[in-house]
Every structure is written in C-alpha cells, then in structure tokens.
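Subject: A structure for you to look at

Hello,

Here is the structure I promised to pass on to you. Please open it and have a look around before you read my notes underneath.

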Amino acid sequence: MQSGGSRMEGLSFLKNEPDKNGAEPGRGLLGWVDRRYQVTPLLEFMRHKQVPLGSHWMGWYYLGGITMFFFIVQVVTGVLLLMYFQPGEATAYESIHFLTTKVPFGWLIRSVHSWSAHLMIISLTLHMFSTMMLKAYRPPRELTWVSGYLLFLITLGFGFSGYLLPWNKLAYFATTVGTNIVRSVPFLGDWLLLVLRGGQDVTINTLYRFFAAHVVILPLAFVGIISLHLLFIQRQGMAPPISAKVAPRGMKFFPSFALRDVLLWLACLMLLVTLAVFLPYGPGIPGMDWELGSKADAMAPAYAGIKPEWYFLWEYQLLKEFPPHLFGLEGPQVCLFLIAILLGIWAIIPWLDRRAARNKPSPAFSDFGWAAILFLVYLTLMGWDIGATGAGNDMSLVQRSARVCAWWTLAAGVVMIAFRSWWFEHRWFVLTGAALLQIALHGLMGISYLLAGAISAGLAIIVIAASYFMTSRPNETGTT
Amino acid sequence: MRAILVILGVVLIPSAVFAADQKPAVAAPTLASLLDAKDKSGKSIITQEERAYYNGLNDNLKELLNQAVQKEFISAPAHLGTLLSLQLRPQKMELLLKNNCALCHSDPEVQTPEDLFSVAPASHHSPAHMNLKEIVEDVHFRSGLSCAGCHGGDPTADLGHDMVKEWPGKGRDKNRAWIVQFCARCHSDPTFMHQFNPGLPTDQLAKFQDSPHGQALLVKHDDRAPQCVSCHGVHGIRPAKDPQSKVYAQRVPETCGACHSNPKTMAGFTLPDGAPLPTNQLAEYKKSVHGQALLVRGDLGAPACNDCHGNHAASPPGVASVSHSCSLCHSANASLFDGSKHKQAFDQHNWPECSKCHGNHDIAKTHDSMLATGPGALCGDCHRQFAKADPKCIPTANYFHATITRMDEAQKRFTAASEKLAAKGLDIEPISNQLTDLNDALKKSRTYVHSFSRVTFQQVAAPGEEAIRRTDGLVDKARGEYKFRQIGLAGSIALIGLLILSIYLKLRQLEK
C-alpha cells in the first residue's frame with residue numbers, strides 16, 4: 001500500500017517549485033512547457049501514482065471511470081443534440097422528430113444519449129454500492145463520498161429534466177406526475193411546485209426551465225463537483241481495502257491501470273453503439289423506453305398506469321404503499337419525510353460508521369448496504385407490476401404482484417446471504433433479515449407494507465440492542 | 001195535550017233520526033299526517049328518498065300537493081308515496097298534480113285493477129299500458145295534453161267522465177281502424193301541430209292510407225295490420241330520437257320484426273309474384289353488415305328497416321327503386337352503376353340492381369373475391385350464363401380482381417414492413433405517406449368496380465399502382481439503410497476491437 005507520505009511527495013508539483021529529486025527540465029516541446037509551467041513534478045506524480053490492491057476484486061475500481069466515460073459521452077452527444085434542439089411549444093417535439101428522422105446519424109446521437117444516460121445511472125449506482133460495501137468512504141475520504149453522493153443526485157436530476165425535453169405525450173404526463181410529488185413538501189410544497197413548473201401546470205414554461213437546468217445548471221454543478229471528486233481521489237489516492245489477511249500491494253496507475261481503464265471504456269463504447277443500433281428506443285421495458293410517440297397534448301387523456309423511469313420506480317412504489325393519511329399528516333408527506341431520512345443517512349454514513357473509521361470491519365454497515373439493495377429491488381419489482389402486468393389499482397392483482405415480487409426478492413435474498421457467508425464470511429445479517437421479513441410479511445402474508453416495515457424494524461432494533469448489551473460490542477466475526 | 005205530543009213528535013223524531021244518522025266526525029287527513037303516517041309495525045310508509053324528494057319540492061308544488069290532499073284526490077299515504085316515488089322534475093310534477101284524472105286513477109283504494117295507473121302494474125293485476133311511469137314520460141303528457149287530450153273530459157273537474165264524441169265506445173278493441181283517424185285528428189292538422197312541434201310532418205295518415213299496411217287495415221279491414229299504437233305504443237309514447245322509443249333506430253328492427261318474423265301473423269300475405277311473404281327478414285338483417293353496424297357497433301348512421309322501406313308509407317321497394325334506396329347512402333356506387341353497361345343489361349332482365357349481387361336483408365360485407373371469375377364466383381358464374389358472347393367481360397373482371405388483390409396484399413405487406421422498420425428506428429414517414437395514397441386508391445378502386453369499365457377503373461387504380469412501386473422502393477431503401485447501419489456498426493466494432501486488442505497486448509508487454 002502506498003503510504004500517505006509518499007503520496008504527498010508525489011504531489012509536490014502543487015507547490016510550484018522544482019522537484020526535490022532535482023529533475024531538470026528536458027529539451028524539446030516538453031522542456032519548453034516545463035520551463036514555463038513546471039510539469040515535471042506532475043509527470044513524476046503520475047509516474048509514481050499507484051492503485052492499492054487487496055483481497056477484493058479489482059473490478060470495483062473501474063466503475064467510477066466507466067461512469068465518467070458515460071458522462072463524457074453524454075456531454076458530447078448532448079452538445080450534438082443541442083445543435084438541433086429548439087425548445088418551444090411548436091418546435092421542441094418537431095426538432096427532435098426532424099433530428100431522428102432526417103438528420104444523418106441524428107437517430108444514433110439520440111439513441112446513444114439515451115442509452116448512455118441509463119448505463120451511466122447503472123454504473124454510478126454500482127460504483128456507489130461498491131464504495132459503500134468496501135467502506136472506501138471511511139476517513140479521510142468522507143468528502144469524496146459526499147461529493148459522489150451529490151453527483152448521484154445531480155445525475156438523477158439530469159434524468160428527470162432531460163425526460164421532458166422531447167415534449168412528447170409520455171414525457172408530458174410523467175413530468176406532471178413527477179413534479180406533483182413536491183406538493184407534499186410541508187409548508188413550501190405549493191411554492192416549490194410553482195418554481196419547478198414555472199406555473200400551476202406543466203406547460204412550455206416548464207420545458208424552458210428544465211432545458212436550462214439540463215444543459216446549464218446541472219452540467220455546471222456536475223463539472224464543479226466532479227472536479228472536486230477527482231481532486232480528492234488524486235490527492236488521497238484510491239482507498240485501500242480493509243483487510244488484515246492480505247498484505248497490501250499496488251498497481252501502477254500509469255500505464256497499467258490507465259490502459260485498463262481505456263480498454264474498459266472502449267468495451268463500453270462497443271456495447272453502447274451496439275445497443276444504440278439494435279435497440280434504438282431502449283429495451284422495451286417500461287421506464288426504459290424513449291420512442292418519441294406523439295406530441296404532448298395537455299388536453300389528451302393521461303396514460304393509464306403511467307410510470308416513471310426505472311430509477312425512480314422505488315420512490316413511486318413507496319408513495320403508493322402509504323395511506324392517504326398517517327399520524328395526522330398526509331401520507332405522501334410522511335413518505336417524503338422517510339425518503340429524506342433514508343437519503344440523509346446514506347449521505348452521512350462515513351460519520352456513522354465508527355468501526356470503519358478505525359479501519360476495522362463494520363459488518364452492520366455492510367449488512368445495511370445489502371438490506372438497502374433488497375429494499376430497492378422489492379419496491380422496483382412491485383413498481384413494474386411483475387407477476388400481474390397492468391395491475392393498476394385492482395387490489396387482487398396488486399396482491400398477486402406483491403406475492404410474485406416477494407418470492408423473487410426472497411429467493412435473491414437467500415442466495416445473497418448464502419453467498420456472503422461463503423465468500424465474504426459474513427455473519428451479521430440482522431438488517432438483511434429484517435428487510436426479508438418485511439418482504440415476506442407484506443408479499444406473502446398480505447400485511448400492509450408499513451406495518452410489516454414497523455414490525456421488522458422493531459425486531460431488528462431489539463436484536464441489535466440485545467446483542468449490544470450482551471456483548472457490549474457488536475459482533476466482529478464478519479468481514480467486509 | 002195531544003197537540004203538544006204531535007208537535008213534539010214532529011220535531012223530536014226527525015231530530016233523533018237525524019242525530020242517529022250522524023257518524024262520529026273523522027278529521028280529513030292532512031298532507032303532514034300522510035307524510036308522517038306509519039304502518040302497523042311502526043315503520044314510516046313514506047320512504048326516506050320520497051321524503052327527501054318532497055323536502056326538495058318548491059312551495060308551489062307543495063301547495064298543489066296540499067290541495068290534492070284537501071280535495072281527497074290523495075287520501076292514503078301509500079298513494080302519496082307512489083306519486084313522490086316518481087321523482088319527477090318540477091314541471092312534470094306540476095302537470096301531474098294539476099291532472100285530476102291521473103291523481104284519481106293512481107289511487108289503489110278507489111280504482112279497480114283495470115283502471116289503476118300503477119308504478120308496477122303486474123303486482124296490481126293492471127294492464128301493462130297502465131304504467132304510471134310510462135304515462136308521465138309520454139310526449140303528449142309532457143306537452144300538457146294529458147289524458148283529456150285523447151279521452152276527453154275535464155282534468156280540472158272534481159269528478160266526471162265527460163268523454164268526447166270521437167272516443168269509440170264498445171267494439172274499439174275489435175276494429176282498430178279508428179285509431180289512425182283518431183290520432184290524425186291532431187297529427188294531420190298542421191296548424192294544431194305547429195303549436196307543439198313545427199318540425200313534425202303531418203302527412204302520416206296520407207302516407208299510411210296508401211301503404212300496404214294502410215290498405216290491409218282500412219280497405220281489407222284486416223286487424224293484423226298495424227296502426228299507430230302498434231309501433232308507437234299507447235301510453236308512454238316517446239319521440240323517435242328517444243332511445244326508449246319503440247321507433248328509435250336501434251329498436252325499429254325488433255318493432256317491425258314483432259309482426260314480420262311471426263309466421264302466424266304473416267300467414268296469407270304474399271309477394272308480388274304470389275309467393276308467401278317470408279318471415280326471415282329480421283334474422284337475416286341481424287347478421288347483415290347493416291344490422292351488425294346498427295345493433296352491435298351502435299352506428300346510428302346504419303340503416304334500419306324504415307330507411308329503405310319508409311315508415312308510415314312502408315312498402316317493399318320495387319325492382320326499379322331498390323337502387324334508389326341504396327343510393328341514399330352509397331351514392332358513388334349507384335351513379336357509377338347508372339352509367340355502366342350493367343344498367344342496360346339489368347334493365348333488360350328486369351333485375352333489381354344492387355340486390356342482384358349484394359342481396360337485400362342479408363347484405364354481407366363485400367369481399368374482393370366477389371370479382372373472381374372461377375366457378376362459384378359471382379362475376380364468373382353470371383357472365384358465363386348471360387354474357388357468353390362478350391369476350392371482354394371475363395378479362396375485365398380478372399383485371400379488376402387482380403389489381404385490387406395486388407393493392408390489398410401490398411397494403412398489408414407494407415404495413416407489416418413499416419412496423420418492423422419503425423421498431424428498428426428507421427424513418428417510416430415517407431412509407432406512411434405512400435401507404436395513405438395506396439389506401440385511398442384501394443378504396444376508390446373498390447368503388448369504381450361499379451363502373452364495370454376498364455378505362456374508368458384504371459384512372460383511380462393507377463395512383464395505387466404508382467404508390468406500390470414507390471413504397472417498394474422506399475422499403476428497399478429503408479432496409480438498405482438498416483443494412484448500412486449494421487455494416488457501420490460491424491466496422492466500428494472491428495476498429496474498437498482492434499484498439500482493445502492492441503492495448504491488451506501492450507499491457508501484457510509492459511507487465512512482462
């Protein structure tokens with residue numbers, strides 16, 4: 001493992017003084033540049049930069065780079081789309097229609113942009129969960145986690161704002177439903193809705209501000225934060241794994257890691273163009289489909305069973321599981337509050353996970369990550385009406401769907417526990433168990449989602465409290 | 001003394017008799033007492049809905065109800081409940097409460113079953129036409145004509161049955177011919193009808209008298225023949241636009257079929273050629289393209305019996321006039337036929353025009369195979385029998401058939417192809433435009449078959465043939481575009497693959 005000291009030595013170029021190794025500026029173009037900007041220390045830094053290796057799979061290290069690759073693709077294809085897109089009541093839909101039907105390779109640009117958006121969210125989610133499981137967020141990398149978390153939120157914002165821009169029927173109604181959720185924010189809800197929509201309803205004014213957000217505000221924020229994110233990583237290096245069994249060693253960033261990065265990027269490009277050519281409108285899964293269809297029409301009847309994009313499906317389903325009123329508040333308000341708490345916990349995990357901060361395994365937080373996956377998977381599957389297509393509001397079909405989704409998620413949960421205990425030697429499954437219990441109670445026994453959640457959470461708290469008082473310290477047998 | 005006794009007798013005995021005749025005074029029921037009345041079990045006779053309806057009435061209607069109770073036209077809570085249960089709109093309720101005939105005849109305590117208006121006639125053993133709900137919906141009642149409009153008398157009088165002279169007394173059930181004259185008193189009087197419905201014709205009687213129905217009833221005195229009430233009903237007559245009317249478009253086939261499908265009723269009636277009048281028209285119509293459109297799809301533009309046969313002047317269209325009935329809707333086909341060679345040939349044979357090929361009550365959806373010329377096919381069979389001499393007929397029919405079949409097949413093929421191409425992300429707008437042209441030409445060609453002229457047909461079919469040629473080219477172009485995309489993709493993948501391979505080899509070399 002690379003020591004902190006050597007890293008700091010490698011960063012001496014930042015002090016804007018000659019390398020202490022005494023490397024002399026060379027001749028030629030590099031020498032000319034070096035004499036003016038002292039790039040030799042930078043090159044030295046890059047030459048010595050190492051990626052820590054451990055007992056874990058190296059693959060997780062590439063996910064950040066892959067996400068960045070998809071972001072670069074988004075910027076390039078986005079700029080190309082911008083050359084033709086004309087926001088406006090009579091032009092937004094028409095310009096996209098023209099681009100995809102008449103402009104040479106216009107279809108390819110839009111298809112790649114859409115595919116890349118979805119693949120970026122997939123790789124970003126995997127990157128986030130791998131960071132969570134490997135505890136890479138532990139000090140001193142808390143801000144890397146927080147900046148990455150902000151990038152995740154901005155990416156979701158990109159998805160939401162970009163969806164409306166083609167001004168087609170599906171986008172119009174999905175945005176109407178999506179923006180309506182902010183109405184449940186206490187006190188500020190109605191005002192926020194006005195700000196978001198630029199009026200009471202989704203109109204072309206909404207498109208103007210979504211367009212501004214999609215091509216100016218969010219990209220500026222993204223570039224600013226990703227610069228910080230990258231700076232933090234360069235400054236601190238990649239997080240070494242928590243592992244007492246395998247001696248840490250390193251891989252040279254240049255050229256070994258960088259070339260592997262490029263190799264993967266090329267493979268992603270290959271995947272991207274193949275998907276764009278063979279499935280130009282997406283894989284045909286609801287929430288992952290971007291066929292232009294007909295133009296937005298506020299007077300047209302709304303789609304029956306309209307659903308958001310797949311990455312918002314869990315929130316959509318969670319909102320549906322809440323009754324209209326709860327604890328004297330509106331159900332959606334309580335739901336938003338719960339989602340805010342969950343997202344808040346996710347954001348401050350580096351400060352909550354005290355064991356990882358001491359470079360010790362923290363099985364409870366690993367289990368929290370796995371439980372979160374089960375929680376999201378179950379809600380997403382239900383949101384997709386798996387097992388009862390077009391369930392809508394027919395309660396018997398909704399229950400059938402919940403049962404099928406529960407069986408699938410429980411099966412996945414059991415496989416997950418078996419794999420974790422065999423491969424990672426995990427022994428702490430309280431939160432995963434609670435998540436699976438909630439799924440079983442709701443999906444198989446027909447108990448309401450919230451009651452099932454309360455029972456499971458209550459049991460989990462009792463088990464954790466009991467084990468805390470019995471051992472005075474959490475179980476340490478598990479590893480990350 | 002005797003005188004005193006006589007005087008006492010004269011004064012006291014009648015007084016005692018008079019006093020003995022006096023029954024204990026019973027207070028007349030009030031509206032409030034009727035509304036609050038309870039049955040033996042203590043349950044309120046006026047239901048909650050009826051009470052709520054009463055509470056919603058305006059003051060005028062409450063006063064009218066009050067008066068009706070005071071005059072004892074309404075004397076029992078059940079009777080009041082029946083009237084309130086109708087839930088009539090204020091205008092109709094006012095008409096009802098001002099109509100003493102209806103008030104008295106809806107009181108079960110004073111009427112015999114055959115004279116009682118009831119909301120459920122069957123349970124009171126009343127005739128079906130004494131349905132109070134139907135009576136208040138009657139167009140005549142709604143226009144304020146009420147019972148007296150037909151039956152005479154004074155509906156505002158407290159009692160009495162002062163019938164008008166026209167109302168036949170005995171025997172009116174046996175000979176129904178009087179009904180048409182009776183209705184015509186008003187319906188044939190334009191000035192009178194103008195007060196109520198200026199748009200309603202007043203020639204019904206004149207038409208009816210000349211129709212086979214009218215002849216049978218008025219001349220042959222055949223009571224099986226229909227008169228006004230047979231189709232329009234007795235009480236509860238509604239405008240023809242009312243879906244509950246017996247003469248509403250979708251109900252006309254059943255109304256006519258009530259007699260025309262009944263072999264017993266139709267026994268003895270014959271066609272002009274002397275054959276018995278068939279009774280399968282309704283069954284055939286229901287299966288036909290027109291019946292399916294009207295009765296199944298609810299297309300009120302589709303014809304019912306009266307659209308071809310007329311209504312008050314209902315008669316079978318003669319050979320010459322069949323095409324006129326059809327041409328009311330199928331005007332293009334009819335005018336093409338009129339200008340064709342077939343017109344003369346059909347006239348020579350005295351064939352009905354449209355129905356010769358398409359049938360009458362059982363008109364099926366047309367099919368392109370009707371143009372085929374093989375054995376069993378319509379055109380071929382007829383021409384081999386009747387137009388052997390003309391060598392052009394069969395080739396022309398073959399040409400029609402081949403052209404239309406080709407266009408139809410191309411249209412299906414291109415639609416399927418364009419759906420596939422659209423799913424692959426290709427621009428199908430030019431193909432869709434050509435398909436619109438092709439569809440247009442196909443529809444016109446099917447119509448222009450009725451010109452039975454190759455030249456005329458060719459004029460409308462030519463754009464279709466051109467559209468096929470262009471669409472073929474466009475589909476090929478789109479397929480080529482897709483192939484280009486695949487080749488481009490393969491090239492890109494090869495290039496990227498080469499780069500990946502070289503980087504991999506470089507890595508291996510570096511890490512050796």
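Below are my notes on the domains of two chains and on how some of those domains meet.

Please keep in mind that this is a predicted model.

Chain A

Let's begin with chain A. The domain assignment splits chain A into domain 1 (4-48), domain 2 (54-297 + 324-356) and domain 3 (361-480). I looked at how domain 2 of chain A and domain 3 of chain A come together. Their centres, taken over C-alpha atoms, are 26 Å apart. On each side, 18 residues are in contact with the other domain. Together, the two domains of this pair bury about 1,500 Å², and carbon and sulfur atoms account for 69% of that area. If you would like some residues to click on, try A:Phe129, A:Met133 and A:Arg355: within domain 2 of chain A they lose the most area to domain 3 of chain A, together 39% of what that side buries.

As for polar links, there are 0 salt bridges between domain 2 of chain A and domain 3 of chain A, while 4 residue pairs are in polar contact across that interface. On the domain 2 side, α6 (106-133), α13 (331-347), α14 (349-352) and α15 (354-357) of chain A each supply at least two of the touching residues. By class, that side of domain 2 of chain A has 14 nonpolar residues, no polar ones and 4 charged ones.

Chain B

Chain B is also divided into domains: domain 1 (31-151), domain 2 (179-189 + 203-316) and domain 3 (370-382 + 389-499). Here I followed domain 1 of chain B and domain 2 of chain B, whose C-alpha centres lie 34 Å apart. In this pair, 13 residues of domain 1 of chain B are in contact with 10 residues of domain 2 of chain B. The buried area is about 900 Å², with 51% coming from carbon and sulfur atoms. In domain 1 of chain B, the residues that lose the most area to domain 2 of chain B are B:His129, B:Glu134 and B:Asp138, together 38% of what that side buries.

Which side chains meet in a salt bridge at 3.2 Å, N to O? They are those of B:Glu134 and B:Arg238. The count between domain 1 of chain B and domain 2 of chain B is 1 salt bridge, along with 5 residue pairs in polar contact. The side of domain 1 of chain B that touches domain 2 of chain B draws two or more residues from each of α8 (132-137), α9 (139-142) and α10 (148-151) of chain B. That side has 5 nonpolar, 4 polar and 4 charged residues.

Happy exploring, and best wishes!

How values were computed:
Residues are numbered from 1 along each chain as its sequence is written. Chains are lettered from A and ligands numbered from 1 in the order in which they are written. This is a predicted model: local features need pLDDT of at least 70, side-chain atom pairs count only at pLDDT 80 or more; totals for chains, interfaces and linings use all residues. Side-chain values use heavy atoms; hydrogens and water are left out. Domain bounds come from an automatic or database domain assignment. Contact means heavy atoms within 4.5 Å. Buried area is the accessible area (1.4 Å probe) that two parts lose on being put together, summed over both. A salt bridge is a side-chain nitrogen of Lys or Arg within 4 Å of a carboxyl oxygen of Asp or Glu. A polar contact is a pair of N or O atoms within 3.5 Å; within protein, one must be able to donate a hydrogen and the other to accept it, and residues adjacent in sequence count only if both atoms are side-chain atoms. Helices (H or I, at least four residues) and strands (E, at least two) are DSSP runs, numbered from the N terminus. Ala, Val, Leu, Ile, Met, Phe, Trp, Tyr, Cys and Pro count as nonpolar, Asp, Glu, Lys and Arg as charged, and the others, Gly among them, as polar.
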